[in-house]
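Welcome, and please open the model in your viewer with the backbone drawn as a cartoon. We will go from stop to stop, selecting a few residues at a time.

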Amino acid sequence: MRDKDTEIWEILRSDYPELYGDEAYKNMMLKQYAHARPDVVKGEDEIWAELIKWNPPRFPFRCDTGWNNMVRFASSIIRFHSRGTIPIVFQVKQKLGGLRIYAHNDIKEYDANIQRALHSIEELSFFTCEVCGLVGELRDIDGYLQTLCNDHFEKADKCRTHRHKG
Ligand SMILES: [Zn+2]
């Protein structure tokens, strides 16, 4: 885990505790469990102890800092459009060069506006350098897709060439 990952993660958790906080996550997981297994009669603490056995440590943030503003913007939209049940953001990551933000609430569906917004932001990420946030485009670096500006693509390309020589 890189330091800058930890930094943005802590900022998100402090600015949007209802989307990223541990307490919100726990509540959502317990609600989901209650929904899926209405037959189980156990205390919440006992259920939670079992649930966390199956879930890896919660650190769902995996993308570079050039997209931080977009992640914050997406978080504001999610919060704004949440009606009643606020969805938990359970993953923020770079996938095939684009910014994917996955969220769900206890009933596994959320406002259509949120879905549209997350889709739009993903589209926009294909024009935004993941490293610095300036204008970029989708690049193919030895089969690894990443959206980068010219400068960062050049640097990534140099690293690649260097690797190949080594
Ligand atoms: Zn860049």
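Helices (H or I, at least four residues) and strands (E, at least two) are here DSSP runs, numbered from the N terminus. What you see is a predicted model, in which local features need pLDDT of at least 70, side-chain atom pairs count only at pLDDT 80 or more, and totals for chains, interfaces and linings use all residues. Residues are numbered from 1 along each chain as its sequence is written.

**Stop 1: the whole chain**

Colour by secondary structure and follow the chain from the N terminus: the elements run α-α-α-α-β-α-β-β-α-β-β-α. That makes 7 helices and 5 strands. Of the 166 residues, 22% count as buried (20 or more other C-beta atoms within 10 Å of the residue's own; 12 or fewer is exposed, in between is partly exposed, and C-beta atoms are placed from the backbone).

Contacts will come up often on this tour: two residues are in contact if their C-beta atoms, placed from the backbone, lie within 7 Å. Among contacts with a separation of 6 or more, residues 24 or more positions apart account for 53%.

**Stop 2: the sheet**

Select 61-62, 88-95 and 98-104, which are strand 1, strand 2 and strand 3. These 3 strands form an open sheet in the order 1-2-3, with mixed pairing; two strands pair if DSSP finds at least two bridges between them. Strand 1 and strand 3 stand at the edges with a single partner strand each, so one side of each is left without a neighbour in the sheet.

Which way do the pairs run, parallel or antiparallel? Strand 1 and strand 2 run parallel and are joined by 2 bridges, while strand 2 and strand 3 run antiparallel and are joined by 7 bridges. To look at single pairs, show Phe61 opposite Val92, then Arg62 with its bridge partner Lys93. Across the other pairing, Val89 has Ala103 as its bridge partner in strand 3.

**Stop 3: two turns with a positive phi**

Most residues other than glycine have a negative phi, and most peptide bonds are trans. Now select Leu96, in the loop between strand 2 and strand 3. Although it is not a glycine, Leu96 has a positive phi of about 50°. The hairpin here has 2 residues between the strands. Leu96 is exposed, with 11 other C-beta atoms within 10 Å.

Move on to Asp142, in the loop between strand 4 (137-141) and strand 5 (144-148). Asp142 has a positive phi of about 55° and is not a glycine either. Asp142 counts as exposed, with 9 C-beta neighbours inside 10 Å.

**Stop 4: the helix pair**

Select 68-81, helix 5, which lies across strand 2 and strand 3 and runs at about 30° to strand 3. Add 112-125, helix 6: the axes of the two helices come within 9 Å and cross at roughly 170°. Axes are lines fitted to C-alpha atoms, for helices over the stretch in contact, and angles run from 0 to 180 degrees between N-to-C directions. Helix 5 and helix 6 are therefore roughly antiparallel (over 145 degrees; under 35 is roughly parallel, 65 to 115 roughly perpendicular, and the rest oblique).

Show the side chains at the contact: Met70, Phe73, Ala74, Ile77, Ile78 and His81 of helix 5 with Asn113, Ile114, Ala117, Leu118, Ile121, Leu124 and Ser125 of helix 6. By class, these are 10 nonpolar, 3 polar and no charged residues. Ala, Val, Leu, Ile, Met, Phe, Trp, Tyr, Cys and Pro count as nonpolar, Asp, Glu, Lys and Arg as charged, and the others, Gly among them, as polar.

**Stop 5: the core**

Where do the elements meet? The largest nonpolar core (buried Ala, Val, Leu, Ile, Met, Phe, Trp, Tyr and Cys residues joined through C-beta atoms within 7 Å) has 19 residues, and those with the most contacts inside it are Ala74, Val89 and Ile101. Helix 2 (17-20), helix 5, strand 2, strand 3 and helix 6 each give two or more residues to this core. Helix 5 supplies the largest share, 4 residues.

Centre on Ala74: leaving aside neighbours within four places in sequence, Ala74 is in contact with Ile101, Ala117, Leu118 and Ile121.

**Stop 6: across the chain**

Finally, select Met28 in helix 3 (residues 22-36). The C-alpha atoms of Met28 and Ile88 are separated by 7.4 Å, though 60 residues apart along the chain. Phe90, in strand 2, is 65 residues from Tyr25 along the chain, with 8.3 Å between their C-alpha atoms.
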